[in-house]
Amino acid sequence: MSGFLIGLIWRWMFNAQFGVINDLLLKTGLVDAPISFLADGTWAMAAVIIANIWYGVAFFAIMILAALQSIPEELYEAAAMDGAGRIQQFWRVTLPYIMPTMLVTILLRVIWILNFPDIIYAMTNGAPAGSTHIFATYMIDKVIFGQDYGQASAVGVIIVLILMLFTIFYVKATKVEKGGDF
């Protein structure tokens with residue numbers, strides 16, 4: 001599903017007048033009056049983060065499920081024969097085996113979040129008062145509304161540098177030294 005469409009759906013869900021989230025909060029008695037989630041800077045950023053997390057959960061679930069299914073059963077049998085309990089098997093077999101997949105998944109998600117401002121634009125357009133801007137939405141605003149191509153280019157360079165830092169972290173964390181077969 002398009003990130004922009006998902007942003008619109010979440011925008012409607014967080015709407016102060018007819019949003020389902022406020023409706024649920026009011027009906028359960030957790031709040032006395034509707035909350036203007038997208039009009040308050042703190043709540044708006046929390047709403048955008050919730051929508052982005054929801055958007056990424058399916059990808060994480062599929063990747064982690066695939067990693068879990070690739071663990072050889074013999075490793076668990078060997079660990080059990082060595083006297084490892086379920087908790088020790090998790091920490092010594094499962095987690096080390098799926099860690100490379102989790103690191104790649106996190107790296108990809110960070111890259112996607114930094115490069116795809118569609119959810120934020122659909123939900124808040126960077127409002128209120130720019131409190132939900134990320135680098136990509138700020139860069140787009142500078143080009144479209146400010147016609148400031150120089151500052152937008154500088155922001156683009158910052159995005160590339162941040163992504164390079166994350167990539168270097170990934171390479172160091174996974175101890176990748178040279179290319180080859182996977």
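Where is asparagine 125 placed? In this predicted model, asparagine 125 sits in the loop between H6 and H7, and that loop makes a handy starting point. Phi of asparagine 125 comes out near 60 degrees, a positive value in a residue other than glycine. Its relative accessibility is 35%, so asparagine 125 counts as partly exposed.

Alanine 129 belongs to the loop between H6 and H7 as well, and here too phi is positive in a residue other than glycine, near 55 degrees. With a relative accessible area of 85%, alanine 129 is exposed, because the cut-off for that label is over 50%. Proline 128 is another residue of the loop between H6 and H7. The peptide bond leading into proline 128 from alanine 127 is cis, with omega near -10 degrees. As background, most residues other than glycine have a negative phi, and most peptide bonds are trans.

Next comes helix packing. Helix H3 spans residues 41–69 and helix H5 spans residues 86–115; their axes come within 10 Å and cross at roughly 150 degrees. Angles over 145 degrees count as roughly antiparallel, and H3 and H5 are therefore roughly antiparallel to each other. The crossing of the two helices is right-handed. On the H3 side, the contact is made by Asn52, Tyr55, Gly56, Phe59, Phe60, Met63, Ile64, Ala67 and Leu68. The H5 side brings in a list of residues including Thr94, Tyr97, Ile98, Thr101, Met102, Arg109, Trp112 and Ile113. Sorted by class, the contact of H3 with H5 has 14 nonpolar, 5 polar and 1 charged residues.

One of the H3 residues in that contact, asparagine 52, can be looked at on its own. Asparagine 52 has a relative accessible area of 13%, so it is buried. Once residues within four places in sequence are set aside, asparagine 52 is in contact with Arg109, Ile113 and Ile119. Of these, Arg109 and Ile113 are listed among the H5 residues that make the contact with H3.

What about the nonpolar interior? The largest nonpolar core has 20 residues, and Trp10, Phe14 and Met123 are those with the most contacts inside it. Four helices give two or more residues each to this core: H1 (3–13), H3, H6 (118–123) and H8 (149–174). A second, separate core has 7 residues, among them Ile71, Tyr76, Ala79 and Ile98. Ile98 also turns up on the H5 side of the contact with H3. In general terms, nonpolar side chains tend to be buried together in soluble globular proteins.

Phenylalanine 14 is worth a closer look. Leaving out its neighbours within four places in sequence, phenylalanine 14 is in contact with Ile21, Asn22, Phe37, Leu38, Ala47, Ile50 and Met123. Met123, like Phe14 itself, is named among the residues with the most contacts inside the largest core.

Finally, there is alanine 136, a residue of helix H7, which covers residues 135–144. Alanine 136 has a relative accessibility of 4% and so counts as buried. Not counting residues up to four places away in sequence, alanine 136 touches Leu114, Pro117 and Ile159. Alanine 136 is also 87 residues from isoleucine 49 in sequence, with the two lying 15 Å apart in space, C-alpha to C-alpha.

Technical notes:
Residues are numbered from 1 along each chain as its sequence is written. This is a predicted model: local features need pLDDT of at least 70, side-chain atom pairs count only at pLDDT 80 or more; totals for chains, interfaces and linings use all residues. Side-chain values use heavy atoms; hydrogens and water are left out. Axes are lines fitted to C-alpha atoms, for helices over the stretch in contact, and angles run from 0 to 180 degrees between N-to-C directions. Angles under 35 degrees count as roughly parallel, over 145 as roughly antiparallel, 65 to 115 as roughly perpendicular and the rest as oblique. A crossing is left-handed if the near helix is turned anticlockwise from the far one by less than a right angle, and right-handed if clockwise. Contact means heavy atoms within 4.5 Å. Ala, Val, Leu, Ile, Met, Phe, Trp, Tyr, Cys and Pro count as nonpolar, Asp, Glu, Lys and Arg as charged, and the others, Gly among them, as polar. A nonpolar core is a set of buried Ala, Val, Leu, Ile, Met, Phe, Trp, Tyr and Cys residues joined through side-chain atoms within 4.5 Å. Buried means under 20% relative accessible area, exposed over 50%, partly exposed in between (1.4 Å probe, protein chains only).
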